[in-house]
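Me: I should be grateful for a close look at the helix contacts in this model. Please take the annotated coiled-coil region as the starting point and then discuss the packing of the helices and any unusual local geometry.

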Amino acid sequence: VCVPGSVSQHSARFPYYCIIFHLFYIFYAAYVNSCQLVLKHRTSVSMNFFRGVITGQATGPQPTGAETIQKLCDRVASSTLLEDRRDAVRALKSLSKKYRMEVGTQAMDHLINILQTDRSDSEILGYALDTLYNIICNDEEEEQDESEDENAQKQTDDLGAQFTEKFIQDPEHITLLLTLLEEFDFHVRWPGVKLLTALLKNQGVQVQGIVLVSPMGVSRLMDLLADSREVIRNDGLLLLQQLTKGNAAIQKIVAFENAFERLLEIISDEGCSDGGIVVEDCLLLLLNLLKNNSSNQNFFKEGSYIQKMKPWFEVGDDNSGWSAQKVTNLHLMLQLVRVMVSPVNSPGATASCQKSMYQCGLLQQLCTILMATGVPADILTETINTVSEVIRGSQVNQDYFASVNAPSNPPRPAIVVLLMSMVNERQPFVLRCAVLYCFQCFLYRNQKGQGEIVSTLLPSTIDANSISAGQLLCGGLFSVDSLSNWCAAVALAHALQDNLTQKEQLLRVQLATSLGKPPVSLLQQCTNILSQGSKVQTRVGLLMLLCTWISNCPIAVTHFLHNQDNVPFLTAQISENLGEDERLVQGLCALLLGICIYYNDNSLENYTKEKLKQLIEKRIGKENFVEKLGFITKHELYSRAALKPQPVFPSPEQMLFDHEFTKLVKELEGVITKAVHKSSEEDKKEEEVKKTLEQHDNIVTQYKELIREQDAQIQELKEQVASMTTQTDQMQATISQQLSQIQQHKDQYNILKLKLGKDNQSQPSTQADGSQVNGLQTEELSQLREELEELRKQHTLLQTQVGDKDALIDSLKSAAQTSESSGGGSADTELLQELEALKSQVQSQLADINQLKTERQELLRRAEAGAADAAPSSDGTSDAIKELESRLSAQMSETERLKESQAGLEQQLASATSTVAILQTEKTKLQSELQESKKEQDDLLMLLADQDQKIHGLKQRLKDLGEPVEDEDDIDAREQTSDEEDEDED
């Protein structure tokens, strides 16, 4: 196009522009046509190739799968066009499931290279990640369909582990995958999440280590929970489940990345227990984070997340038709509560969580589920176990549980309702075990609850119109069902655990066996059932009850030995050669007989310690007795019961040992063995040592009481000294006040003197007439000033005397506290001399004061006479004289007041003198008592030294004889530890 008016300038160049434009257009059209032909040719070749591979319709020989995969790998490696590489990777993805081995072997390196180089194309990244996921993940359904035998199945399972190991040989591959997870594109992020999850399933420990050291690795994975796309968020939960398995470091990092808050929000948004599989995944992840991780548990508690668990357990009145997912969710929620209060946790952390659960109402909510109707059996069982561990060892929670009533008519305590299920043989086995565990936890370190249970068995508290816990336990103890016998015996044993008072109270229980026969004690009835030869489970339960009952209770041992049939029965059981099933019963009988020896107070002549040991040596043999005693700990079920407090058994027949009883066996086995092997002389020596130790304790107690009395006396003396010091301070304050008043009067006198001098200068005419009077006034005023000075000196002297008196009191106080015997007489003499000197000074001062009084009266008389002679003088001078007289009268009154205060000081000095005399008397008395105390102390020290030498020798002899001896430091440390535990529980 040419601009008008410029045709002449461009007309020569226009043809050349047109030619160049046409040539450029021709070349461009040719290039486009050639590219289209190449693309159509390649597309047709690729379609024919895939059509031949997939449909099997090919004119030539068909390539094998390995050959096809090899060609595709070559295209991925050599193609320069992104579309070619994308098509090849898509083809590898379609073949990766069928030809997993070939694709994984040949294409993995090329796929990883695609992830590194083609970061800009999300589609090819998605195909590559999907292909890697297919060759690494073990698809169980397809594997089960395609495998023909177990060997092929195992070989297929190993493929995932092999390819995973190859992938993680270079840790940068995991870092690359974590980087790709930051891509928001769905086709990249979702396959990346699935691939990392599969890697963690196959080689979890190695992948966890790489993720842990990767910068911001865990933080990138935590961002998946905030993804708005539910598919990615849900698969992110599965990924974090695998990532946190068995790795405490990663668990802590995930927890501090605000995982608890996010997971609880997801659970709440999904409907809590009514939610779907997502709620289950969140709960499984929470269990991974909290189980056996005290740091996360403390963080969960301190973050007030326990309070947020309460809405999970809000169930309605209509509990029929629970879905399987709801049952699973609630089961996991109960497990989460148990993780926080598990007995394997530290006691302090468990007690803190139990307190929080009670305060926020979580325990009350669990008890509501416990007493609700229509709850599925497995949820009810798990709820009972959860409540058990929430109240275990917590006095407040145990008291609340004791107050819970079942919604029945009439209302019954929840404990009674649960015990009815435990002794009912028609109830499921796991439910009965859960009720037993709940009863054990209710009585654990709960002496109040133990007393309440035992009291329901005593005759004075039995109510015939209601069913009590004691009646249910007795009914189960003597039932025909062996499992009920065992459960009731163990439950009753826990009511006596570490409680001497209840062991003695249970001896009062009497049972009516049949009409017309006298009642039998509970102890005797248990031994009668043992002698009747019932089932092994019943006898084991009764023997555990008896061992717990009479251990550390000499009165119960005496009651047991008082029955003449018990000892022969035990010796007969131990001495017989019975089968494998009866070996446990023999071991428990040996333990029971050993307890009768160890805790025997020798009150029965026929069954003293020495006679029982002689009986064992004659009837059984010491070595045989010890061997039978060892049958208990060698039993396979013993070690299983010793692991944890909860009674978990695969079948009722294997329910033989209780956890607390295993502790008792461990404590008594060694001491019983030593007690049986001891001779009579060693027993006598041990008794002498015990008596010596008791005497030593008595001496120490007396010495402590003496020290307490002396401390009380010293404290009383200190209080007396403090009161005297207070009085002295008050006297000093009074003297200071008087000195200030004297200074004020002195200032007023000076002002009056100046005023009189000015009046004399203003009236020269009367100077001659009043010279005599003024001279008289001046002389009198000088005398009065001197008198005031003398009075001030006297007050100063009195103050000095008070200070000397204070020093004297302090010296007496120090003498009373130190009570030194040496130099005591000389100190008293000096004090008395000082007191006499003070008295003489006071008398001399009194004489001086009386002389001053006389002189002052004479001066006043002369002043009055001079004033009468000077009456004709001027009015101004007479007014001044009157004013002076008023001032003098004021001074006189002040002097009188000072005299009174002086008299008071003299009286106080006299009282101080009497106090000094009293203190000297008390000092003499204290010195004599101190001398006697020192003599008694020296005698006690000598006696204690002799006793310590004897005790040391006796302890050394006991150690030489193999007897365990505890030092006082060990005993004090154990008592301190028990006190600290009691304080944590409070």
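Reply: In this predicted model, the UniProt record, an unreviewed entry, places the feature "coiled-coil region" at residues 700-734 and 774-801. The span 700-734 is 100% helix and 0% strand, and its end C-alpha atoms lie 52 Å apart.

Helix H32 takes part in two of the contacts described here, one with H30 and one with H37. Helix H30 covers residues 554-562 and helix H32 covers residues 580-598. Their axes come within 9 Å and cross at roughly 120°. Because angles of 65 to 115 degrees count as roughly perpendicular and those over 145 as roughly antiparallel, this crossing makes H30 oblique to H32. In handedness, the passage of H30 across H32 is left-handed. On the H30 side the contact is made by Val 557, Phe 560 and Leu 561; H32 contributes Leu 592, Ile 595 and Cys 596. By class, this contact holds six nonpolar residues, with no polar and no charged ones.

The axes of H32 and H37 also come within 9 Å, and they cross at roughly 60°. The crossing of H32 with H37 is left-handed. From H32, the residues Leu 588, Leu 591, Gly 594, Ile 595, Ile 597 and Tyr 598 meet their partners in H37. Those partners are Phe 661, Val 665, Leu 668, Val 671, Ile 672, Ala 675 and Val 676. Twelve of the residues in this contact are nonpolar, one is polar and none is charged. Ile 595 is thus named in the contact of H32 with H30 and again in that of H32 with H37.

The loop that lies between helix H36 (636-641) and helix H37 (659-677) holds Phe 649. A search of the whole structure finds eleven aromatic pairs, and one of them is formed by Trp 486 and Phe 649. This pair is edge-to-face, with 6.3 Å centre to centre and 85° between the planes. It links distant parts of the chain, for Trp 486 belongs to helix H26 (residues 482-495) and the two residues are 163 residues apart.

A further helix contact involves H19 (residues 362-371) and H21 (residues 395-403), whose axes come within 11 Å and cross at roughly 35°. The crossing of H19 and H21 is right-handed. Here Leu 363, Gln 364, Cys 367 and Leu 370 in H19 meet Asn 397, Tyr 400 and Phe 401 in H21. The contact of H19 with H21 comprises five nonpolar and two polar residues, and no charged ones.

Two points of backbone geometry remain. Most residues other than glycine have a negative phi, and most peptide bonds are trans. The peptide bond from Asn 409 to Pro 410, however, is cis, with omega near 0°. Pro 410 is placed in the loop between strand S1 (405-406) and strand S2 (412-413). Met 216, although not a glycine, has a positive phi of about 60°. This residue lies in the loop between helix H11 (204-213) and helix H12 (217-222).

Technical notes. Residues are numbered from 1 along each chain as its sequence is written. This is a predicted model: local features need pLDDT of at least 70, side-chain atom pairs count only at pLDDT 80 or more; totals for chains, interfaces and linings use all residues. Side-chain values use heavy atoms; hydrogens and water are left out. UniProt positions are given in the numbering used here, feature names are shortened, and annotations may be inferred rather than shown by experiment. Helices (H or I, at least four residues) and strands (E, at least two) are DSSP runs, numbered from the N terminus. Axes are lines fitted to C-alpha atoms, for helices over the stretch in contact, and angles run from 0 to 180 degrees between N-to-C directions. Angles under 35 degrees count as roughly parallel, over 145 as roughly antiparallel, 65 to 115 as roughly perpendicular and the rest as oblique. A crossing is left-handed if the near helix is turned anticlockwise from the far one by less than a right angle, and right-handed if clockwise. Contact means heavy atoms within 4.5 Å. Ala, Val, Leu, Ile, Met, Phe, Trp, Tyr, Cys and Pro count as nonpolar, Asp, Glu, Lys and Arg as charged, and the others, Gly among them, as polar. Rings of Phe, Tyr and Trp (its six-membered ring) pair if their centres lie within 6.5 Å; planes under 30 degrees apart count as stacked, over 60 as edge-to-face and the rest as tilted.
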